[in-house]
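Welcome! Take a moment to turn the model around on your screen, and then let us walk through it together.

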Amino acid sequence: MIRLMVEGRVQGVGYRASFAERARALGLSGWVRNRRDGSVEAAVDGEPQAIEAITTWARHGPPAARVSNVTIEDGPALEPVGGDFKILPTL
């Protein structure tokens with residue numbers, strides 16, 4: 001499992017929905033949410049190639065996004081989330 005913190009112009013541009021759509025297409029489990037500081041946070045779990053693909057995508061995001069920084073941390077496996085990738089409320 002990895003946790004990503006994405007900074008830049010990533011809120012109000014469809015970043016969360018696009019991230020979730022891409023994660024689902026890659027067969028990943030986890031979640032994504034906006035943070036009050038203007039960043040986006042995500043936790044993803046799955047096959048190493050799929051995790052690599054989502055982290056590569058996260059560095060640019062959807063067309064309207066302007067990503068300035070992505071911080072990636074390894075972590076423990078996620079609790080099962082019902083087999084779907086979730087969009088969580090803002091934290």
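## A look at the whole chain

About 5,100 Å² of accessible surface belongs to this chain, and carbon and sulfur atoms hold 49% of that area. Keep in mind that you are looking at a predicted model.

Try tracing the chain along its sequence: the pattern reads β-α-β-β-α-β-β. That gives 2 helices and 5 strands. The radius of gyration is 12 Å, close to the 12 Å that the globule rule gives for 91 residues, so the chain is as compact as a globular protein of that length.

Here are some values for the chain as a whole:

| Property | Value |
|---|---|
| Box filled by the C-alpha atoms, along the principal axes | roughly 30 × 25 × 20 Å |
| Distance between the centres of the positive and negative side-chain sets | 9 Å |

The two charged sets have 11 positive and 11 negative side chains. Of the 91 residues, 37% are buried. Among contacts with a separation of 6 or more, 77% link residues that are 24 or more positions apart.

## One residue up close

Now find Asn 34, which sits in strand 2, spanning residues 29-34. Is Asn 34 buried or exposed? Its relative accessible area is 9%, and buried means under 20%, so Asn 34 counts as buried.

Which residues is Asn 34 in contact with, leaving aside its neighbours within four places in sequence? They are Gln 11, Arg 16, Ser 39, Val 40, Pro 89, Thr 90 and Leu 91. With Arg 16, the side chain of Asn 34 makes a polar contact of 3.5 Å.

Terms used
Residues are numbered from 1 along each chain as its sequence is written. This is a predicted model: local features need pLDDT of at least 70, side-chain atom pairs count only at pLDDT 80 or more; totals for chains, interfaces and linings use all residues. Side-chain values use heavy atoms; hydrogens and water are left out. Helices (H or I, at least four residues) and strands (E, at least two) are DSSP runs, numbered from the N terminus. The radius of gyration is taken over C-alpha atoms; the globule rule is 2.2 Å times the number of residues to the power 0.38. Buried means under 20% relative accessible area, exposed over 50%, partly exposed in between (1.4 Å probe, protein chains only). Contact means heavy atoms within 4.5 Å. Accessible areas come from the Shrake-Rupley method with a 1.4 Å probe; for residues, only the protein chains shown count as cover. Lys and Arg count as positive and Asp and Glu as negative; His and the chain ends are not counted. The place of a charge is taken as NZ of Lys, CZ of Arg, CG of Asp or CD of Glu. A polar contact is a pair of N or O atoms within 3.5 Å; within protein, one must be able to donate a hydrogen and the other to accept it, and residues adjacent in sequence count only if both atoms are side-chain atoms.
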